[in-house]
Amino acid sequence: MYASHESHYSVFKAARMYRVECVKIDTLVSGEMDCADFKSKLLMNPGCPAIVNVNIGTTVKGAIDDLDKIIRILEKCGFRDRFYIHCDGALAGLMMPFIKQAPKVTFEKPIGSVSISGHKFMGCPVPCGVVITRLAHVKVLSTDIEYLSSRDTTIMGSRNGHAPIFLWYTLNKKGYRGFRKEVRKCLRNAHYLANRLREEGVSASLNMLSSTVVFERPRDVAFVHKWQLACEGSIAHVVVMPNVSVEKLDGFVEELVANRSCWYDGKGHDIPCVAKDIGQDNCLCSLHNTKHKNVEEL
(Lines give C-alpha, C1' and ligand atoms only; values in the text may rest on other atoms or scores of the structure.)
Protein backbone atom coordinates (compact mmCIF):
# COMPACT_ATOMS: atom_id res chain seq x y z
CA MET A 1 0.00 0.00 0.00
CA TYR A 2 1.20 3.52 -0.83
CA ALA A 3 -0.08 6.60 0.99
CA SER A 4 1.35 10.05 1.57
CA HIS A 5 2.45 11.26 5.00
CA GLU A 6 -0.53 13.66 4.93
CA SER A 7 -3.07 10.84 4.58
CA HIS A 8 -5.62 10.33 7.35
CA TYR A 9 -4.34 8.17 10.21
CA SER A 10 -7.10 5.60 9.53
CA VAL A 11 -5.33 4.63 6.29
CA PHE A 12 -2.28 3.45 8.23
CA LYS A 13 -4.49 1.86 10.87
CA ALA A 14 -6.25 -0.16 8.14
CA ALA A 15 -2.86 -1.31 6.83
CA ARG A 16 -1.93 -2.57 10.30
CA MET A 17 -5.27 -4.32 10.73
CA TYR A 18 -4.95 -6.16 7.42
CA ARG A 19 -1.20 -6.71 7.83
CA VAL A 20 -0.42 -4.93 4.59
CA GLU A 21 2.98 -3.27 4.25
CA CYS A 22 2.42 0.46 3.96
CA VAL A 23 4.95 2.71 2.21
CA LYS A 24 4.73 6.37 3.25
CA ILE A 25 5.26 8.87 0.44
CA ASP A 26 6.76 12.32 0.97
CA THR A 27 4.62 15.37 0.35
CA LEU A 28 5.15 18.80 -1.16
CA VAL A 29 4.86 21.83 1.11
CA SER A 30 1.24 22.15 -0.05
CA GLY A 31 0.47 18.72 1.41
CA GLU A 32 0.09 17.08 -1.98
CA MET A 33 1.75 13.73 -2.66
CA ASP A 34 5.30 14.07 -4.04
CA CYS A 35 4.95 12.10 -7.28
CA ALA A 36 8.72 11.88 -7.78
CA ASP A 37 9.07 10.14 -4.42
CA PHE A 38 6.07 7.96 -5.22
CA LYS A 39 7.70 6.81 -8.47
CA SER A 40 11.02 5.97 -6.83
CA LYS A 41 9.38 3.97 -4.03
CA LEU A 42 7.04 2.24 -6.46
CA LEU A 43 10.03 1.00 -8.47
CA MET A 44 11.50 -0.54 -5.32
CA ASN A 45 8.66 -3.11 -5.34
CA PRO A 46 8.19 -4.01 -9.04
CA GLY A 47 6.81 -7.47 -8.32
CA CYS A 48 4.07 -6.41 -5.88
CA PRO A 49 0.67 -5.07 -7.01
CA ALA A 50 0.05 -1.56 -5.68
CA ILE A 51 -2.79 -0.24 -3.54
CA VAL A 52 -2.68 3.56 -3.67
CA ASN A 53 -4.53 5.98 -1.41
CA VAL A 54 -5.20 9.24 -3.27
CA ASN A 55 -6.27 12.18 -1.12
CA ILE A 56 -9.02 14.43 -2.38
CA GLY A 57 -8.35 16.99 0.32
CA THR A 58 -5.84 16.08 3.03
CA THR A 59 -6.83 16.30 6.70
CA VAL A 60 -4.54 19.15 7.77
CA LYS A 61 -3.92 21.24 4.64
CA GLY A 62 -6.80 20.28 2.35
CA ALA A 63 -4.38 19.32 -0.45
CA ILE A 64 -5.52 17.32 -3.48
CA ASP A 65 -3.23 14.62 -4.87
CA ASP A 66 -2.74 14.58 -8.65
CA LEU A 67 -4.84 11.54 -9.60
CA ASP A 68 -4.06 11.68 -13.33
CA LYS A 69 -0.31 11.93 -12.72
CA ILE A 70 -0.43 9.04 -10.25
CA ILE A 71 -2.21 6.86 -12.83
CA ARG A 72 0.38 7.74 -15.49
CA ILE A 73 3.24 6.85 -13.14
CA LEU A 74 1.66 3.48 -12.30
CA GLU A 75 1.25 2.60 -15.97
CA LYS A 76 4.71 3.82 -17.01
CA CYS A 77 6.33 1.85 -14.19
CA GLY A 78 4.79 -1.41 -15.43
CA PHE A 79 1.84 -1.63 -13.05
CA ARG A 80 -0.89 -1.56 -15.70
CA ASP A 81 -3.79 -3.75 -14.49
CA ARG A 82 -1.83 -4.39 -11.26
CA PHE A 83 -3.01 -1.51 -9.10
CA TYR A 84 -6.00 -0.43 -7.05
CA ILE A 85 -6.68 3.24 -6.36
CA HIS A 86 -8.86 4.44 -3.51
CA CYS A 87 -9.80 8.13 -3.47
CA ASP A 88 -10.29 9.51 0.03
CA GLY A 89 -12.62 12.46 -0.41
CA ALA A 90 -13.91 12.64 3.19
CA LEU A 91 -14.44 16.42 3.17
CA ALA A 92 -13.47 17.84 -0.23
CA GLY A 93 -14.96 14.95 -2.22
CA LEU A 94 -18.40 16.55 -1.96
CA MET A 95 -17.05 20.00 -2.85
CA MET A 96 -15.03 19.15 -5.98
CA PRO A 97 -18.01 18.57 -8.32
CA PHE A 98 -19.12 22.17 -7.76
CA ILE A 99 -15.75 23.78 -8.57
CA LYS A 100 -15.20 24.29 -12.31
CA GLN A 101 -11.40 24.18 -12.23
CA ALA A 102 -11.25 21.15 -9.94
CA PRO A 103 -9.90 17.84 -11.32
CA LYS A 104 -12.55 15.21 -12.00
CA VAL A 105 -12.77 12.10 -9.87
CA THR A 106 -14.70 9.65 -12.05
CA PHE A 107 -14.98 5.91 -12.61
CA GLU A 108 -14.16 6.57 -16.25
CA LYS A 109 -10.63 6.58 -14.84
CA PRO A 110 -9.09 3.33 -13.51
CA ILE A 111 -9.97 3.91 -9.86
CA GLY A 112 -11.46 1.29 -7.56
CA SER A 113 -13.38 3.31 -4.97
CA VAL A 114 -14.26 6.74 -3.60
CA SER A 115 -15.29 7.62 -0.05
CA ILE A 116 -16.91 10.73 1.40
CA SER A 117 -18.12 11.67 4.87
CA GLY A 118 -21.73 12.64 5.44
CA HIS A 119 -21.10 14.43 8.74
CA LYS A 120 -18.61 16.96 7.39
CA PHE A 121 -19.63 19.20 4.49
CA MET A 122 -23.22 17.88 4.41
CA GLY A 123 -23.56 18.27 8.18
CA CYS A 124 -25.25 14.96 9.02
CA PRO A 125 -25.87 14.91 12.82
CA VAL A 126 -24.33 11.43 13.17
CA PRO A 127 -20.88 10.29 11.97
CA CYS A 128 -21.32 8.43 8.69
CA GLY A 129 -19.71 7.86 5.33
CA VAL A 130 -20.44 6.65 1.82
CA VAL A 131 -18.20 4.35 -0.20
CA ILE A 132 -18.79 4.05 -3.94
CA THR A 133 -17.01 1.18 -5.65
CA ARG A 134 -17.30 -1.03 -8.71
CA LEU A 135 -19.96 -3.75 -8.72
CA ALA A 136 -17.31 -6.44 -9.28
CA HIS A 137 -15.72 -5.58 -5.92
CA VAL A 138 -19.08 -5.58 -4.15
CA LYS A 139 -19.92 -9.04 -5.48
CA VAL A 140 -16.73 -10.49 -3.99
CA LEU A 141 -17.82 -9.42 -0.50
CA SER A 142 -21.62 -9.77 -0.67
CA THR A 143 -23.50 -12.79 0.67
CA ASP A 144 -27.16 -13.83 0.66
CA ILE A 145 -28.50 -13.98 4.23
CA GLU A 146 -31.59 -16.18 4.39
CA TYR A 147 -33.17 -14.93 7.63
CA LEU A 148 -32.79 -11.31 6.48
CA SER A 149 -34.26 -12.05 3.04
CA SER A 150 -31.59 -9.77 1.58
CA ARG A 151 -28.00 -9.62 0.39
CA ASP A 152 -25.43 -8.27 2.84
CA THR A 153 -22.72 -6.09 1.27
CA THR A 154 -21.24 -4.62 4.47
CA ILE A 155 -18.09 -5.48 6.41
CA MET A 156 -19.68 -5.22 9.86
CA GLY A 157 -22.97 -6.97 9.03
CA SER A 158 -25.07 -3.92 9.92
CA ARG A 159 -25.12 -0.17 9.52
CA ASN A 160 -26.97 2.94 10.72
CA GLY A 161 -30.32 3.15 8.93
CA HIS A 162 -30.88 6.78 9.94
CA ALA A 163 -27.80 8.15 8.17
CA PRO A 164 -29.09 7.47 4.62
CA ILE A 165 -32.35 9.25 5.51
CA PHE A 166 -30.45 12.33 6.75
CA LEU A 167 -28.29 12.35 3.61
CA TRP A 168 -31.28 11.87 1.29
CA TYR A 169 -33.13 14.70 3.01
CA THR A 170 -30.18 17.10 2.74
CA LEU A 171 -29.53 16.27 -0.91
CA ASN A 172 -33.17 16.81 -1.83
CA LYS A 173 -33.59 19.95 0.24
CA LYS A 174 -30.50 21.77 -1.04
CA GLY A 175 -30.19 20.33 -4.53
CA TYR A 176 -27.36 20.97 -6.97
CA ARG A 177 -27.70 24.77 -6.88
CA GLY A 178 -27.83 24.83 -3.10
CA PHE A 179 -24.63 22.82 -2.76
CA ARG A 180 -22.87 24.91 -5.39
CA LYS A 181 -23.83 28.09 -3.54
CA GLU A 182 -22.50 26.72 -0.24
CA VAL A 183 -19.22 25.56 -1.81
CA ARG A 184 -18.66 29.00 -3.31
CA LYS A 185 -19.42 30.62 0.05
CA CYS A 186 -16.92 28.35 1.83
CA LEU A 187 -14.14 29.07 -0.66
CA ARG A 188 -14.85 32.81 -0.62
CA ASN A 189 -14.81 32.95 3.18
CA ALA A 190 -11.65 30.82 3.36
CA HIS A 191 -9.83 33.26 1.09
CA TYR A 192 -11.16 36.12 3.21
CA LEU A 193 -9.78 34.51 6.39
CA ALA A 194 -6.37 33.79 4.85
CA ASN A 195 -6.07 37.40 3.63
CA ARG A 196 -7.17 38.82 6.99
CA LEU A 197 -4.57 36.75 8.82
CA ARG A 198 -1.78 37.85 6.47
CA GLU A 199 -2.84 41.49 6.76
CA GLU A 200 -2.41 41.16 10.53
CA GLY A 201 1.05 39.66 10.11
CA VAL A 202 0.02 36.05 10.81
CA SER A 203 1.68 33.41 8.64
CA ALA A 204 -1.09 31.59 6.75
CA SER A 205 -1.62 29.47 3.64
CA LEU A 206 -4.57 28.19 1.64
CA ASN A 207 -4.57 25.67 -1.20
CA MET A 208 -6.45 26.93 -4.26
CA LEU A 209 -9.32 24.40 -4.19
CA SER A 210 -9.57 24.14 -0.41
CA SER A 211 -11.53 25.76 2.41
CA THR A 212 -8.89 24.77 4.99
CA VAL A 213 -6.78 27.72 6.16
CA VAL A 214 -3.45 26.77 7.75
CA PHE A 215 -1.61 29.21 10.04
CA GLU A 216 0.97 29.38 12.82
CA ARG A 217 -0.05 27.50 15.95
CA PRO A 218 -1.38 29.72 18.77
CA ARG A 219 0.71 29.57 21.94
CA ASP A 220 -2.23 29.63 24.36
CA VAL A 221 -3.89 26.24 25.01
CA ALA A 222 -7.02 27.97 26.31
CA PHE A 223 -7.37 29.85 23.01
CA VAL A 224 -6.96 26.61 21.06
CA HIS A 225 -9.65 24.91 23.15
CA LYS A 226 -12.06 27.84 22.94
CA TRP A 227 -11.97 27.88 19.13
CA GLN A 228 -11.63 24.09 18.87
CA LEU A 229 -8.55 24.36 16.67
CA ALA A 230 -6.87 21.25 15.28
CA CYS A 231 -3.10 21.55 15.72
CA GLU A 232 -0.15 19.59 14.40
CA GLY A 233 3.44 20.53 15.16
CA SER A 234 3.92 24.24 14.50
CA ILE A 235 0.65 24.81 12.66
CA ALA A 236 -3.09 24.87 13.24
CA HIS A 237 -5.98 25.04 10.82
CA VAL A 238 -9.50 26.36 10.41
CA VAL A 239 -11.91 24.45 8.17
CA VAL A 240 -14.39 27.00 6.81
CA MET A 241 -17.77 25.28 6.52
CA PRO A 242 -21.19 26.66 5.44
CA ASN A 243 -22.13 27.57 9.04
CA VAL A 244 -19.08 29.85 9.46
CA SER A 245 -19.92 33.51 8.82
CA VAL A 246 -17.66 36.44 8.02
CA GLU A 247 -18.60 37.94 11.40
CA LYS A 248 -17.35 34.82 13.20
CA LEU A 249 -14.12 34.91 11.18
CA ASP A 250 -13.60 38.57 12.08
CA GLY A 251 -14.14 37.80 15.75
CA PHE A 252 -11.63 34.95 15.56
CA VAL A 253 -8.96 37.09 13.87
CA GLU A 254 -9.45 40.00 16.26
CA GLU A 255 -9.10 37.77 19.31
CA LEU A 256 -6.11 35.98 17.84
CA VAL A 257 -4.31 39.24 17.08
CA ALA A 258 -5.10 40.67 20.53
CA ASN A 259 -3.74 37.58 22.28
CA ARG A 260 -0.82 37.22 19.89
CA SER A 261 0.65 40.59 20.89
CA CYS A 262 0.92 39.24 24.45
CA TRP A 263 2.35 35.87 23.38
CA TYR A 264 5.17 37.51 21.44
CA ASP A 265 5.45 40.63 23.59
CA GLY A 266 5.02 42.77 20.49
CA LYS A 267 8.38 41.70 19.10
CA GLY A 268 8.19 40.70 15.45
CA HIS A 269 11.46 38.78 15.53
CA ASP A 270 9.93 36.35 18.06
CA ILE A 271 7.26 35.23 15.58
CA PRO A 272 7.89 31.53 14.80
CA CYS A 273 9.12 30.42 11.42
CA VAL A 274 6.68 27.99 9.74
CA ALA A 275 8.26 28.05 6.29
CA LYS A 276 8.88 24.28 6.31
CA ASP A 277 5.17 23.73 7.01
CA ILE A 278 3.50 26.24 4.69
CA GLY A 279 6.29 27.50 2.42
CA GLN A 280 8.58 30.52 2.50
CA ASP A 281 6.13 32.68 0.52
CA ASN A 282 3.49 32.25 3.22
CA CYS A 283 5.75 32.61 6.25
CA LEU A 284 5.83 36.11 7.79
CA CYS A 285 8.65 35.62 10.28
CA SER A 286 11.51 38.15 10.19
CA LEU A 287 13.59 35.79 8.05
CA HIS A 288 11.01 35.28 5.28
CA ASN A 289 8.80 38.37 5.49
CA THR A 290 9.83 40.34 2.40
CA LYS A 291 7.92 43.43 3.53
CA HIS A 292 9.70 43.37 6.92
CA LYS A 293 13.06 42.95 5.18
CA ASN A 294 12.46 45.94 2.89
CA VAL A 295 11.60 48.17 5.87
CA GLU A 296 14.82 47.13 7.65
CA GLU A 297 16.86 47.84 4.52
CA LEU A 298 15.37 51.34 4.23
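**A shared nonpolar core and a buried lysine**

In this predicted model, the largest nonpolar core comprises 45 residues, and those with the most contacts inside it are Phe 38, Leu 42, Val 52, Leu 74, Ile 85, Met 96 and Phe 121. Several elements each supply at least two residues of this core: strands E2 (23-25), E3, E4 (83-88) and E5 (113-117), together with helices H2 (35-42), H3 and H5 (162-199). Helix H5 gives the largest share, six residues. Because both domain 1 (2-159) and domain 2 (176-282) contribute residues, the core lies between them. As a general point, nonpolar side chains in soluble globular proteins tend to be buried together.

Phe 121 is a good place to look more closely. Beyond its neighbours within four places in sequence, Phe 121 is in contact with Leu 91, Leu 94, Met 95, Phe 179, Glu 182, Val 183, Cys 186, Met 241 and Pro 242. A second, separate core has 23 residues, among them Ala 190, Leu 256, Tyr 264 and Ile 271.

Attention turns next to a charged residue. Lys 61 sits in the loop that runs between strand E3 (50-55) and helix H3 (67-76). Lys 61 is buried but has no salt bridge, and the nearest side chain of opposite charge, that of Glu 6, is 4.0 Å away. The side chain of Lys 61 does reach the backbone oxygen of Val 29, at 2.9 Å. With neighbours within four places in sequence set aside, the contacts of Lys 61 include Glu 6, Val 29, Ser 30 and Gly 31, as well as Asn 207, Ser 210, Thr 212, Val 214, Ile 235 and Asp 277.

How values were computed: Residues numbered from 1 in each chain as written. Predicted model: local features only at pLDDT ≥ 70, side-chain atom pairs only at ≥ 80, totals over all residues. Heavy atoms only, no water. Helix = DSSP H or I, 4+ residues; strand = E, 2+ residues; numbered from the N terminus. Buried < 20%, exposed > 50% of the residue type's maximum accessible area, 1.4 Å probe, protein only. Lys, Arg positive; Asp, Glu negative; His and termini not counted. Polar contact = N/O pair within 3.5 Å; in protein donor to acceptor, adjacent residues only side chain to side chain. Contact = heavy atoms within 4.5 Å. Core = buried A, V, L, I, M, F, W, Y, C linked by side-chain atoms within 4.5 Å. Domains from an automatic or database assignment.
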